[in-house]
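Work through the exercises below with the sequence and the coordinates open beside you. Each task is followed by a solution that proceeds step by step.

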Amino acid sequence: MSAAIDLTINQAGLDRAVERARERGIIIPTFAQMRDPQTIPAAMREKLSGLGLWDLDPANLFRITWRNEPTASGGGFGGVNHLVLPPELTGAPCRIVVLTGKWFPTGAHKVGAAFGCLVPRLVTGQFDPTTQKAVWPSTGNYCRGGAYDSALLGCSSIAILPEGMSRERFEWLTKVAGEIIKTPGSESNVKAIFDKCHELRASGDDVVIFNQFDEFGNYLWHHEITGPALEEVMTGLTDKPSRIRGLILATGSGGTLAAGDYLKARFPALKIAACEAGQCPTLLFNGFGDHRIEGIGDKHVPWVHNVRNTDMILAIDDEAPMQLIRLANEEAGREYLASRGVAPALVEQLDLIGISGWSNIISAAKFAKWFELGPDDVVATVATDSMEMYGSRLEELTAERGPFTAVDAAVAFERHLLGQGLDNLLELNHWDRKRVHNLKYFTWVEQQGKTYEEIQAQWHDEDYWTGIPRQLEEIDRLIEAFNERVGLLAGLG
C-alpha cells in the first residue's frame, strides 16, 4: 500500500469549479511554477508588479513560492528568501540557514500547505466552491492561508484555531474568513480542533475539511517546493554534499518535515530532527501540557509525519523563544547583539523570525552541538512567519515584566542562545522511531478513522512515502487542463 492523493474526477463539481474560476479571473499555478517562478507567463509577472503581496487578487496565487522579491508590494521573483545565522549569534559551531516565510501572501508559508491541500480537490471537482464551505483546522497560520485561498475563489470558509492564539491572527481573519471558530486552550489542544471538525461534518452543512495534519497535499507541497528551495540555499554555501548535515523543524502539522525526505534522498549524511515544546513533550516523553510556541500543535503525531525517516527529537523550553523575540526586536536587545559582534545588517533582519522560528533555531544549535559539527557544516530550518503576527506578544511581555533592558538582553543571549546545552533531546534508534510512530494509532486509528492496515503500511511499505511525489506530474497536468478549460491563459499572451 502506498499513500495517495485522491485524484478521482467529479465531473459536475469540476464543471462548476471551472465556471467559478472563469467568473473570478482565476488561473492556478502549477507546482513547477511555484518551484521556479521564472516559468510563469511574462504577462502574469507584469500583473503582479502592480499588486500588494497580501492583496486579495487571484494573481497572488502565483506568489505562493519561496522566491518572492522581499517587498510588500509590486515585487518580482529572485532567489530563495533566507537568512544565514553565524555562530556569533546562535552559539552553534556551524552555519544555520533559515528560510523566511514572511514574503508569502499572508506572511507565512502555510499558504503553500493550504494550496497543496485545496488544489487537487479543486481541479478534480471534489471541492465545489459554488456550494461547499471550506473548513481549515489549524493552530494559527494554516487557517489564515486557507481563508486567503478561499477568498480568492469566492467560496465560504471556516477558520478553526485555538482561542489562545495571538490577537493579530484573529484581527486579520475577521477581514478575510467567512467564519471563525475558536476552540478551547492553546496550540496544544489539537483534539479540540478535530472534535469541532466532527461536529461540522455531522451538522448537515455541506463542508469539506482540509485537514493539514492528515492530507498528503501538505506533504507534497513541502517535498516539492520547500525541499528544492532548501537544497539550493544549502548547496550555495558548500560544494561538499557531506557537509549538508541537518534539517531541524518543529513537528507542527508534520508537512514541512517532508522537505527532509527530499533532502535526505539527495544528501545521505543529512539527519532530520523534529522539535517540540518542553512543556508538551509528546514525542520525547509521550507527554502533554500547554505552551506558548504558537503554531506547533501537540499531543499527537501528525499522520503526514514520516517518523521512520526522523533521526532526532528535541524539546525546547517555551521561555527561550519568548525571551528571544524581545532580544531580537527590542531596542536594548538589538544594541546588545551588535555589541557582541552580530552584523548590524543581520540584526535589522531578525524581525523576519517569529516565535516558532526562534524555537527552530535553538533546536538547530542544540543539534549542531550534539553532532559536534564544525564551521564548514551547514544545517537548516524555517521561520514559518515573522514578528508581524506577534507585536501584541511583545506588548504583553512588557506589561508583565517591565521594559527590556541591557541586562535582560545579556541574560537572554547567554542563557537561551550561547548557553543551550544537550538536555531534552534524543537521537533515535529503530525502536525509538517505532515508539513515536505507534503514537499515531491512538489519534488516527481510534479517533479519526484511519485503518490498521495503513498505519502498518506507513512503517513497513518502502513505497508508501515515495508514492506521493510520483503524483506531482499528474496533478500539474490536471491544473493545466483546468486552466485550459477556464480559458484565461490565452489572454496572457
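The exercises treat the sheet, one of its strands, two helix pairs and a few loop residues.

The model is predicted, so local features require pLDDT of at least 70 and side-chain atom pairs count only at pLDDT 80 or more, while totals for chains, interfaces and linings use all residues. Residues are numbered from 1 along each chain as its sequence is written, and side-chain values use heavy atoms, with hydrogens and water left out.

**Exercise 1. Determine the strand order of the open sheet of seven strands, and state which strands stand at its edges.**

Step 1. Helices (H or I, at least four residues) and strands (E, at least two) are DSSP runs numbered from the N terminus, and two strands pair if DSSP finds at least two bridges between them. On this basis the order in the open sheet is 1-2-10-7-8-9-11, and the pairing is mixed.

Step 2. Strand 1 (82-85) and strand 11 each have a single partner strand and therefore form the edges, where one side of each is left without a neighbour in the sheet. Neighbouring strands are turned by 20° against each other on average, direction ignored, where axes are lines fitted to C-alpha atoms, for helices over the stretch in contact, and angles in general run from 0 to 180 degrees between N-to-C directions.

Step 3. As an example of a pairing within the sheet, strand 2 (residues 95-100) and strand 10 (residues 378-383) run parallel over six bridges, and Val 97 stands opposite Ala 380 of strand 10.

**Exercise 2. Describe the surroundings of strand 9 (residues 312-316): are its residues buried or exposed, and which strands are joined to it by bridges?**

Step 1. Taking buried as under 20% relative accessible area, exposed as over 50% and partly exposed as in between (1.4 Å probe, protein chains only), five of the five residues of strand 9 are buried, so the strand is largely enclosed by the rest of the structure.

Step 2. In a regular strand the side chains alternate between the two faces of the sheet. Here Met 312, Leu 314 and Ile 316 point one way, whereas Ile 313 and Ala 315 point the other way, and all are buried.

Step 3. Strand 8 (residues 271-277) runs parallel to strand 9 and is joined to it by five bridges, with Ile 313 as the bridge partner of Ala 274. Strand 11 (residues 425-427) runs antiparallel to strand 9 and is joined to it by three bridges, with Glu 427 as the bridge partner of Met 312.

**Exercise 3. Classify the crossings of helix 5 with helix 22 and of helix 6 with helix 7, and say which residues meet.**

Step 1. The axes of helix 5 (residues 110-124) and helix 22 (residues 472-486) come within 9 Å and cross at roughly 55°. Because angles under 35 degrees count as roughly parallel, over 145 as roughly antiparallel, 65 to 115 as roughly perpendicular and the rest as oblique, helix 5 is oblique to helix 22.

Step 2. With contact meaning heavy atoms within 4.5 Å, Val 119, Pro 120, Leu 122, Val 123 and Thr 124 of helix 5 meet Ile 475, Leu 478, Ile 479 and Phe 482 of helix 22.

Step 3. The axes of helix 6 (residues 141-153) and helix 7 (residues 167-176) come within 10 Å and cross at roughly 15°, which means that helix 6 is roughly parallel to helix 7. Residues of helix 6 including Arg 144 and Tyr 148 meet residues of helix 7, among them Arg 169 and Trp 172.

**Exercise 4. For Thr 106, Glu 372 and Glu 215, find the loop in which each lies and decide whether each is buried or exposed.**

Step 1. Most residues other than glycine have a negative phi, and most peptide bonds are trans. Thr 106, however, has a positive phi near 75°; its place is in the loop between strand 2 and helix 5, and Thr 106 is buried, with a relative accessible area of 1%.

Step 2. Glu 372 also has a positive phi, near 50°, and is found in the loop between helix 15 and strand 10, but Glu 372 is exposed, with a relative accessible area of 71%.

Step 3. Glu 215, in the loop between strand 6 (207-209) and helix 9 (216-235), is buried with a relative accessible area of 11%. Not counting residues up to four places away in sequence, Glu 215 touches Cys 117, Arg 121, Ile 209, Phe 210 and Val 304.
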